[in-house]
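Could you walk me through this model in my viewer, one selection at a time? Please tell me what to pick next and what I will find there.

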Amino acid sequence: MIAVEVFLLGVLLAAAWYLRKQRRQLITQRSEFKREVALLEEQNIRLEDAGMKLLQLKEKLELEQEKSARLLRNILPEQVIDDLRNRGESLPERFDNVTVLFADIVNFTEQAAELDPAELIWELNDIFSEFDQIFSKHNCVRIKTIGDAYMAVAGLDKNNSAHCVNILRAACEARNYLAERNQKSQCKYRWQMRFGVNSGSVIGGIVGREKYIYDILGDTVNTASRIEHASEAMQINVSQSSRSLAESEFEFSDRGAIEVKGKGRLEMYFLLGEKKS
């Protein structure tokens, strides 16, 4: 009987020792599990922080890309930007159906000499910035400004069959804007501009390597410049080729044939406005 009790006591002691050992192991495992959970939580926080930083960097990159795109759109036509992105180059191209506009300020040199340089630049920037919005709205592209001269073209997208109508509408709106601006402006001068429009074919391409400048060349451009010089203050002077393209939409006043340097006598027309439906 005593032997049995001793045996059972031994079994109980062994069981107690085993249970205590298992408990210590469980406590150790639980501590390790807690440490691992804490490490995972810490890593998760770090990953979230890294994710936020990556998101912020992505947003900054997209913002910088948008700024770069806006800058490119200020100096290059959209299709040229697409060529540079997709092919890494943009080759010169012939455009057979475009309309070119030139505009410059009447008596600009004399008036500019009497203005403060900062005021003069502000005036030009204000006028040409509004012109940019107007011509862009009518699917036209500003090619460049040279001093007080503004040059725009419509038809470079090749799908713009109404290129002449578009640029004439833009010219009318630009002239109206300038007239309204003159009534409200605090500047001592009321700027008046001459406009000249001609249609035909041009060659377009990037000029330069260090600084990209997109330009259009050809007789159509030269003639448009001559047409503008033969215009008058706040008048839109139009060539025969442009009138033929837009006569169903606009009314014109026939000026007859006018002598043009290097071109002889050219038929010209003042744009009166759109025809009333």
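Is Phe 135 buried or exposed? Select Phe 135 to begin: its relative accessibility is 1%, so this residue counts as buried, the limit being under 20%. Keep in mind throughout that this is a predicted model.

**Stop 1: two rings on one helix**

Now add Phe 131 to the selection. Helix H4 (residues 117-137) holds both Phe 131 and Phe 135, which are four residues apart, about one turn of the helix. Phe 131 is also buried, with a relative accessible area of 0%. A search of the whole structure turns up seven aromatic pairs. In the pair made by Phe 131 and Phe 135, the ring centres are 6.2 Å apart and the planes meet at 50 degrees, so the pair is tilted.

**Stop 2: across to a strand**

Keep Phe 131 and bring in Tyr 150. These two form an edge-to-face aromatic pair, with 5.4 Å from centre to centre and 85 degrees between the planes. Tyr 150 belongs to strand S3 (residues 149-154) while Phe 131 lies in helix H4, so the pair ties together parts that are 19 residues apart in sequence. Both Phe 131 and Tyr 150 are buried. To see the wider group, select Phe 128, Phe 131, Phe 135, Tyr 150 and Tyr 177, which form one aromatic cluster.

**Stop 3: a pocket beside H4**

Stay with Phe 128, since this residue also helps to line the second largest pocket. The volume of that pocket is about 150 Å³. For the full lining, select Ile 121, Leu 124, Asn 125, Phe 128, Ser 129, Asp 132, Arg 142, Thr 145 and Gly 147. The elements that give two or more residues to this lining are H4 and strand S2 (141-146). H4 gives the most, with six residues. Colour the lining by class and you will find three nonpolar, four polar and two charged residues.

**Stop 4: a hairpin**

Next, select strand S7 (residues 250-260) and strand S8 (residues 264-274), which pair in the antiparallel sense over ten bridges. Pick out Phe 252 and look across to S8, where Leu 271 stands opposite. Then follow the chain to the turn: the hairpin has three residues between the strands, and Gly 262 takes a positive phi near 80 degrees.

**Stop 5: a charge over a ring**

For the last selection, show Arg 243 and Tyr 269 together. The charged end of Arg 243 sits over the Tyr 269 ring, 4.8 Å from the ring centre.

Notes. Residues numbered from 1 in each chain as written. Predicted model: local features only at pLDDT ≥ 70, side-chain atom pairs only at ≥ 80, totals over all residues. Heavy atoms only, no water. Phe/Tyr/Trp six-rings, centres within 6.5 Å; stacked < 30°, edge-to-face > 60°. Buried < 20%, exposed > 50% of the residue type's maximum accessible area, 1.4 Å probe, protein only. Lys NZ or Arg CZ within 6 Å of the ring centre and 35° of its normal. Pairing = 2+ DSSP bridges. 1 Å grid on protein atoms, 1.4 Å probe; cavity = no way out; pocket = protein on both sides within 12 Å on 5 of 7 lines; lining within 4 Å. Points joined across faces, edges and corners; volume = space filled by probe spheres on them. Nonpolar A, V, L, I, M, F, W, Y, C, P; charged D, E, K, R; others polar.
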